[in-house]
Structures are given as structure tokens and as C-alpha cells.
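Grab a pencil and work through these short exercises. Try each task yourself before you read the solution below it.

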Amino acid sequence: MTSSPRAGARRPAPPRHPLVAHDATGKASLARRLNRVEGQVRGIGKMLDDDRYCVDILTQVAAVQSALDALARKLLEHHLHGCVQSAVRSGKGDRAIAEALAVIRKFGR
């Protein structure tokens, strides 16, 4: 029998992290990347509607995945240089490092 949370049991609140402000340039760069990805995804939808060649659609899917990976790397870089660095300085580094490693593993597929 696997253990599962009791019905009605509350999950612990996610850990609170210090807010590290994105500088305006970095935030704008992330927004541009995300807007580009959104446009690519809409383009894939139009390609499907237009019954485009499967290989062309798959090529665009690969481009979107690559763009999302690049966005994730930038966000991870910010997290490590901001949140994790701050946690280490305040003596709470072990937890922040464990959390960072857990999220990195999600990208290690």
C-alpha cells in the first residue's frame, strides 16, 4: 500500500525566498524571449490549421523547445546568482541548493 496524504490534509506552504528584483534590462530580455516563444507556438497552431507538412511543424516544435530551454537557463542563472546566493549568505544555503538541484534535475531529461 502506498502512502498518500490524508483527505483534507494541508500541504506545507512553499518556502519563502528573498525577493531579488530583476533589473529592467534583464526583465525586458526575458519578456522578449517569452513573446518570441508565444509567437512560435501560435505559428505552429496556424501550420496545423493549414495542414502543413509534418516535418516542417516538427522543426518548429524543436525551435520552441530550444527557445524554452534558453529561457529556463536564463531564469536558472538568475536564481543561482540571486536567490541561492542570498540564501547561502544568510546561512540557509543547504535548503536553497537542494531546491536548485531538484529543479535542475527536471531539465536533465
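What percentage of the contacts in the protein chain between residues at least 6 apart in sequence join residues at least 24 apart? The share is 56%, where contact means heavy atoms within 4.5 Å.

Before going on, a word on the ground rules. This is a predicted model, in which local features need pLDDT of at least 70 and side-chain atom pairs count only at pLDDT 80 or more, while totals for chains, interfaces and linings use all residues. Residues are numbered from 1 along each chain as its sequence is written, and side-chain values use heavy atoms, with hydrogens and water left out.

**Exercise 1: the overall layout**

Task: Work out how many helices and strands the protein chain has, and in what order its elements run.

Solution. Step one is the count: three helices and zero strands. Helices are DSSP runs of H or I with at least four residues, strands are runs of E with at least two, and both are numbered from the N terminus. Step two is the order, which reads α-α-α from the N terminus on. Step three is burial: 16% of the 109 residues count as buried. Buried means under 20% relative accessible area, exposed means over 50%, and partly exposed lies in between (1.4 Å probe, protein chains only).

**Exercise 2: the first helix pair**

Task: Describe how α1 and α2 are placed, and which residues meet.

Solution. Two packed helices are described by the angle between their axes and the distance between the axes. Begin with those two values: the axes of α1 (residues 24-49) and α2 (residues 54-89) come within 10 Å and cross at roughly 160°. The axes are lines fitted to C-alpha atoms, for helices over the stretch in contact, with angles running from 0 to 180 degrees between N-to-C directions. That makes α1 roughly antiparallel to α2; the label is for angles over 145 degrees, with under 35 roughly parallel, 65 to 115 roughly perpendicular and the rest oblique.

Next comes the handedness: α1 passes α2 in a left-handed crossing. Left-handed means the near helix is turned anticlockwise from the far one by less than a right angle, and right-handed means clockwise.

Then look at the contact itself. On the α1 side, the residues include Leu30, Val37, Val41 and Ile44, and the α2 side includes Ile57, Val64, Ala67 and Leu68. The residues of this contact divide into 16 nonpolar, two polar and three charged. Here Ala, Val, Leu, Ile, Met, Phe, Trp, Tyr, Cys and Pro count as nonpolar, Asp, Glu, Lys and Arg as charged, and the others, Gly among them, as polar.

**Exercise 3: the core**

Task: Find the residues that make up the largest nonpolar core, then take a look around Val37.

Solution. The core has five residues: Val37, Ile44, Met47, Ile57 and Val64. A nonpolar core is a set of buried Ala, Val, Leu, Ile, Met, Phe, Trp, Tyr and Cys residues joined through side-chain atoms within 4.5 Å. Both α1 and α2 give two or more residues to this core, and the largest share, three residues, comes from α1.

Now zoom in on Val37, which sits in α1. Val37 counts as buried because its relative accessibility is 5%. Leaving aside neighbours within four places in sequence, Val37 is in contact with Val64, Ala67 and Leu68. The C-alpha atoms of Val37 and Ala67 are 6.5 Å apart, with their positions 30 residues apart along the chain. Val64, with the same kind of neighbours left aside, touches Val37, Gln40, Val41 and Ile44.

**Exercise 4: the second helix pair**

Task: Repeat the analysis for α2 and α3, and decide whether His79 is buried or exposed.

Solution. The axes of α2 and α3 (residues 93-106) come within 8 Å and cross at roughly 160°. That makes α2 roughly antiparallel to α3. This time the crossing is right-handed. The contact divides into ten nonpolar, two polar and one charged residue.

His79 belongs to α2, and His79 is buried, with a relative accessible area of 18%. Outside four places in sequence, His79 is in contact with Val84, Glu99 and Ala100.

**Exercise 5: a loop residue**

Task: Say where Asp51 is found and what sets its phi apart.

Solution. Asp51 is in the loop between α1 and α2. Asp51 has a positive phi of about 55° although it is not a glycine. With a relative accessible area of 68%, Asp51 is exposed.
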